[in-house]
Amino acid sequence: MKETRKWILHRVSATILAPLFAWFYFSLISLSEKNYQEAINFFENPLFKTLTIALFFVGFFHAKISLNEIFDDYIHDKKIKDVANILSLILSIVVPVIIFILLVYKI
Amino acid sequence: MTDNQNPISPHLQIYRWHISSLLSITHRITGVVNLLALILMFVWILTFSFNENNYELFLLTTNSFFGKFILIGFTWSMSFHILSGIRHLAWDIGYGFEIKTAKISGILVILSSLVTTIIFWLLARGLI
């Protein structure tokens, strides 16, 4: 990915992510006092389900770009840096896909 | 890279600490902490979607002293990263570069992240 595009996408994802993260975390703290059924009701709501899936896709995308930047600054061995970048790429794809499958087909 | 003696960037142990450098590294650290929080949220959804009993474990953990401590820490980390991120976005569109302004906005980020954490927590727990 070109550096300029990466820079722009990082800012765009941050702007989308901030309200999503705050909303989901707020919901999680509220749910920490409620029972299992209320948590299931929360995730059965189509809007909440969509927003949660969006949170994981945008969140891990934003994290992936940020981690690349951190690895560039602190890891100086090219091989280790490449491995770290591949692992972060796998993480940023696998986790949101599992969340999508769980929320769409399981809950 | 052929010369491994090149200086390592950023020089955290060499430069004298300023509010700007403190906020810069804290922004990165809180970003990584937020990623950990997101991974834990993933584990939370993953475990309770398979077994109702796992939800009881979540309730027990989050309502313990240690659990609350961690959740409040995550709340501060999120607040700080978002507020500091807004400061970065202001810089990106060309505002707030003057040294005095950057110092004031830095202090504002620290103070408002603490206030936001308290208000966020009280609202989420239905205490206000």
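## A core shared by two chains

Trainee: Which residues touch the most other members of the largest nonpolar core?
Mentor: In this predicted model, that core has 35 residues; a nonpolar core is a set of buried Ala, Val, Leu, Ile, Met, Phe, Trp, Tyr and Cys residues joined through C-beta atoms within 7 Å. A residue is buried if 20 or more other C-beta atoms lie within 10 Å of its own, exposed if 12 or fewer, and partly exposed in between, with C-beta atoms placed from the backbone. The members that touch the most others are Phe21(A), Tyr25(A), Leu28(A), Phe56(A), Met41(B), Phe42(B) and Ile45(B).

Trainee: Which element gives the most to this core?
Mentor: Elements here are DSSP runs numbered from the N terminus: helices (H or I, at least four residues) and strands (E, at least two). Two or more residues come from each of α1, α3 and α4 of chain A, and from α1 (19–50) and α3 (65–92) of chain B. With nine residues, the one that gives the most is α1(B).

Trainee: From which number are residues counted along each chain?
Mentor: As this is a predicted model, local features need pLDDT (the predictor's confidence in each residue, from 0 to 100) of at least 70 and side-chain atom pairs count only at pLDDT 80 or more, while totals for chains, interfaces and linings use all residues. Chains are lettered from A and ligands numbered from 1 in the order in which they are written, and residues are counted along each chain, as its sequence is written, from 1.

Trainee: Leaving aside neighbours within four places in sequence, what is Ile45(B) in contact with?
Mentor: Contact means that the C-beta atoms of two residues, placed from the backbone, lie within 7 Å. Ile45(B) is one of the core residues listed above. With its neighbours within four places set aside, its partners are Ile99(A) and Leu102(A).

Trainee: Which element gives the most to the side of chain A that touches chain B?
Mentor: The contact takes 28 residues from chain A and 30 residues from chain B. On the chain A side, α1 (3–31), α2 (36–44), α3 (46–74) and α4 (78–106) each give two or more. Ten residues come from the element that gives the most, α1(A).

Trainee: Why is chain A more spread out than a compact globule, and what is its radius of gyration?
Mentor: Chain A has four helices and zero strands. The globule rule (2.2 Å times the number of residues to the power 0.38, with the radius taken over C-alpha atoms) gives 13 Å for its 107 residues. Chain A is more spread out because its radius of gyration is well over that, at 16 Å.

Trainee: How far apart are the end C-alpha atoms of α3(B)?
Mentor: Among the elements of chain B, α3(B) has the highest mean pLDDT, 97. Its buried residues include Phe74(B), Met78(B) and Ile82(B), and what covers its buried residues includes α1 of chain A. At 1.5 Å times one less than the number of residues, its 28 residues should span 40 Å, which agrees with the distance between its end C-alpha atoms, 40 Å.

Trainee: Is Phe61(A) buried, exposed or partly exposed?
Mentor: Phe61(A) sits in helix α3 of chain A. Neighbours within four places in sequence aside, it is in contact with Ser13(A) and Ser92(A). Because it has 19 C-beta neighbours inside 10 Å, Phe61(A) counts as partly exposed.
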